[in-house]
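Please look through the sequence and the structure shown here before reading the report beneath them.

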Amino acid sequence: MGKRPYKPKGRSGQNQKKETPSYEAVQKPLKDTFPMRLNKYIANSGICSRREADKLIEKGEVTVNGNTITEMGFQVQAKDVVKYNGKTLKPEKLVYVLLNKPKGFITTTSDPEGRKTVMDLVKNACEEQIFPVGRLDRATSGLLLFTNDGDMAKKLTHPSSNIKKIYQVTLDKPLTKNDGVAIMEGFELE
């Protein structure tokens, strides 16, 4: 497993902003993930999503060891040769990146308005395509996880998993009684 600390760009000795982002990338060996469902193998190869992979399998567009597979739930082993459109597929290694997100970046993979995103901060963290798990507001700093492990991301974010989230909030002014009432009643953020 490799760990890669964040190295700020710029000349050494140059003053860095107070909140310099930092990240740590960890890779999980693929051998630990087999046997694997064929649709997951295809999705991990970067071709498409699992749902779209199911359609490719159903249409008979995927072969395993030279045999056309149309069976949903088919399991592949590490030694199997999986092909789509004549091209051999290789799944990506599972990657986990923790980022200390600074303020001023939005948690999204792209922004049509051209604002700075967290993807700008992790673009050199690994070669694999990763995505943020969960969200932090633009004005919020804190720990943010990125991965290409869709199963784990779903387990962490789906309400049925009942994963508790703890937030520590620092205010720029004292909390008033009215603020406390509004918090207890609930309110909608922009």
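This report describes a predicted model, beginning with its nonpolar cores and then turning to a pair of strands and a pocket.

## Nonpolar cores

In soluble globular proteins, nonpolar side chains tend to be buried together. In this model the largest nonpolar core has 16 residues, and those that touch the most other members are Leu-38, Tyr-41, Ile-42, Val-62, Val-76 and Val-82. At least two residues of this core come from each of the helices α1 (38-44) and α2 (50-58), and the same holds for the strands β3 (62-64) and β6 (82-84). Another core lies apart from this one and has 14 residues, including Phe-105, Leu-121, Val-122 and Cys-126.

Tyr-41 also shows how parts of the chain meet, for if its neighbours within four places in sequence are left aside, Tyr-41 is in contact with Phe-34, Met-36, Val-76, Asp-80, Val-82, Leu-89, Lys-90 and Pro-91.

## A covered strand and its partner

Strand β8, which spans residues 94-101, is mostly covered, since six of its eight residues are buried. Six bridges join β8 to β10 (residues 142-147), and the two strands run antiparallel; in one of these pairings, Lys-101 has Gly-142 of β10 as its bridge partner.

## The largest pocket

The largest pocket holds about 1,600 Å³ of space and is lined by 31 residues, of which Arg-135, Leu-136, Asp-137, Thr-140 and Tyr-167 lie nearest its centre. Two or more lining residues are given by β10 and by α4 (150-157), and β10 supplies the largest share, four residues. Sorted by class, the lining has 17 nonpolar, seven polar and seven charged residues.

How values were computed
Residues numbered from 1 in each chain as written. Predicted model: local features only at pLDDT ≥ 70, side-chain atom pairs only at ≥ 80, totals over all residues. Heavy atoms only, no water. Core = buried A, V, L, I, M, F, W, Y, C linked by side-chain atoms within 4.5 Å. Buried < 20%, exposed > 50% of the residue type's maximum accessible area, 1.4 Å probe, protein only. Contact = heavy atoms within 4.5 Å. Pairing = 2+ DSSP bridges. 1 Å grid on protein atoms, 1.4 Å probe; cavity = no way out; pocket = protein on both sides within 12 Å on 5 of 7 lines; lining within 4 Å. Points joined across faces, edges and corners; volume = space filled by probe spheres on them. Nonpolar A, V, L, I, M, F, W, Y, C, P; charged D, E, K, R; others polar.
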